[in-house]
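Student: Please take a close look at one part of this model, the pairing of charged side chains, and then set it in the context of the fold around it. I would like one connected account rather than a list.

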Amino acid sequence: MLDERELTDLMHAEVDSAERPSAVLDVDRAMATGRRQRHYSRAAGAALAIGLLVAGGVTVPGLLAPEHPPATTGTAGGPAAAAGLPAALTTVDPGVVYVRFGWLPDGVRSLQYQSGLLLSGPGVYLGAVSNPVGENWQGVAVNLYPKGVEPSAPQRNSGEPANLTGTRPGPKLNGVPSTFATYSGAEQPEAILRWRYAPDGWAQVRTHGVAGDPAETAERVARTLTFGHEVLPMPVTVPDLPENLRPITGNVSLDLGEPRSWNAYTEWSPEPADADPGRQRARSLMVAFSPYRLVTDPRDKAYVDPNATLDGHPARFDGQRGKESLTVYDVEGISVSIYDDGLLPAGGTRALFRKLDIGPDAADWLPYLKR
């Protein structure tokens, strides 16, 4: 488990780029916790008590099947079909799934999808991690960039800048030529494949340290991606928020080696979409869900002693200067965390929790990130 310092270090390591996912599956929660440590130090412990997902095991294909599978756009290894969208994204809706994996190489341990305001700015990220926890990132990363935004250089573990060292033609994707870009400083065999998913909109597949030829793997992943415009499912709907709040980020993660290990969150901000990203995140509301995991050992870094009871459920509440952090444990088998930077009325986290309609099947919910 990560302690608060490690969580903060992890967050800072990710701030400069969303190109390189963390070696830890639950980077989204780690970053969310780190952002809030400046307001309430106990909130990090509360988030940890939900349970950081542990990557491990083998792929379980049954966990990935959607109830209503989207139409496919190609066959594994076959010719590219409609590998794109009708138009480049001018705004990125955090409540929409724009892309899903088709084929993936062996050894994938965890999956993550995020849309809206990423750490690098507005965009879409889809990732498959294959490295064990604690090791440098290995896997597949897909990025969709908004209209007019150019793909950036990958971030290196060494901290050294990655310089473009060459390009070469790639296959035709979405009916247009693609390009393989090569950068300095790769720690593992790497391929970066870029093409236009729509006029004036870039897509990128990056493979790093995965089995097989990295370029062939990147091409096969790209050819079998499914593009679309579907609602991003969440395990619980969050109702009756203040009218001045708009969603800025949607995120779901899935651990393939741990049964029913997932997390999901949405973040809202009162700032306009054209505001500086840092300003949008400076004051926000986040509601997160994950399966409940009982931790009874006080020496476990995920252990938090609840300090309250809410509607019969153990809970952890912290608040100061109008900001609140609330985690309610084992509600129909899930834990709910609400982080409010003073955007709700006093006691608003508890009132919002009571508005959530958490059904008896909430703990069995799974995100589907692959067709």
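Tutor: With a cut-off of 4 Å between a side-chain nitrogen of Lys or Arg and a carboxyl oxygen of Asp or Glu, the count comes to 10 salt bridges, and it should be read with the reminder that this is a predicted model. As background, side chains of opposite charge can pair when their charged atoms come close.

One of these pairs joins Arg279 to Glu271, whose closest N and O atoms are 2.7 Å apart. The two partners fall into separate accessibility classes: Glu271 has a relative accessible area of 18% and is therefore buried, whereas Arg279, at 47%, counts as partly exposed. Another pair is formed by Asp297 and Arg299, with 3.1 Å between the closest N and O atoms. Here Arg299 is exposed, because its relative accessible area is 74%, while Asp297, at 29%, is partly exposed.

A further pair, Asp311 with Arg354, has its closest N and O atoms 3.1 Å apart. This salt bridge links distant parts of the chain, since Asp311 sits in the loop between strand S13 (308–310) and strand S14 (313–320), whereas Arg354 belongs to helix H6, and 43 residues separate them. Both ends count as partly exposed, Asp311 at 48% relative accessibility and Arg354 at 49%. Beyond such pairs, Arg156, Glu190 and Arg206 are linked in a network of salt bridges.

The helix that carries Arg354 deserves a second look, for H6 (residues 348–355) also contains Thr349. In contrast to the partly exposed Arg354, Thr349 has 0% relative accessibility and so counts as buried. Apart from residues up to four places away in sequence, Thr349 is in touch with Phe317, Glu324, Leu326, Ile338, Asp340 and Leu344.

From here one can turn to the interior. Nonpolar side chains tend to be buried together in soluble globular proteins. In this chain the largest nonpolar core has 67 residues, and the members that touch the most others are Phe101, Tyr113, Trp195, Tyr197 and Phe353. Strand S7 (residues 190–198) gives this core its largest share, five residues. A second core, separate from that one, has five residues, among them Leu118, Tyr125, Trp137 and Ala141. The surroundings of Tyr113 can be followed in detail: leaving out neighbours within four places in sequence, its contacts include Val96, Val97, Tyr98 and Val99, then Val124, Tyr125 and Leu126, and also Leu232, Gly250, Asn251, Val252 and Leu369.

Helix H4 offers another view of burial. Seven of the 10 residues of H4 (residues 214–223) are buried, so the helix is largely enclosed by the rest of the structure. The residues concerned are Pro214, Ala215, Thr217, Ala218, Val221, Ala222 and Arg223. They pack against strand S4 (139–144), S5, S6, S7 and strand S8 (201–208). At the N-terminal end of H4, Asp213 acts as a cap, with a side-chain oxygen 3.1 Å from the backbone nitrogen of Ala215.

Two loops call for attention on account of their backbone. Most residues other than glycine have a negative phi. Asn174, although not a glycine, has a positive phi of about 55°; it lies in the loop between strand S5 (164–173) and strand S6 (176–183). Glu332 likewise has a positive phi of about 55° without being a glycine, and its place is in the loop between strand S15 (323–331) and strand S16 (334–340). Each falls between the 20% and 50% limits of accessibility, so Asn174 at 25% counts as partly exposed, as does Glu332 at 40%.

Finally, the chain as a whole. It has six helices and 16 strands, and 56% of its 371 residues count as buried. Among contacts between residues at least 6 apart in sequence, 63% join residues at least 24 apart, and the pairing of Asp311 with Arg354, 43 residues apart, is one link between distant parts of the chain. The accessible surface comes to about 15300 Å², with 51% of it belonging to carbon and sulfur atoms.

Notes:
Residues numbered from 1 in each chain as written. Predicted model: local features only at pLDDT ≥ 70, side-chain atom pairs only at ≥ 80, totals over all residues. Heavy atoms only, no water. Core = buried A, V, L, I, M, F, W, Y, C linked by side-chain atoms within 4.5 Å. Buried < 20%, exposed > 50% of the residue type's maximum accessible area, 1.4 Å probe, protein only. Helix = DSSP H or I, 4+ residues; strand = E, 2+ residues; numbered from the N terminus. Contact = heavy atoms within 4.5 Å. Areas by Shrake-Rupley, 256 points an atom, 1.4 Å probe, with all protein chains shown as cover. Polar contact = N/O pair within 3.5 Å; in protein donor to acceptor, adjacent residues only side chain to side chain.
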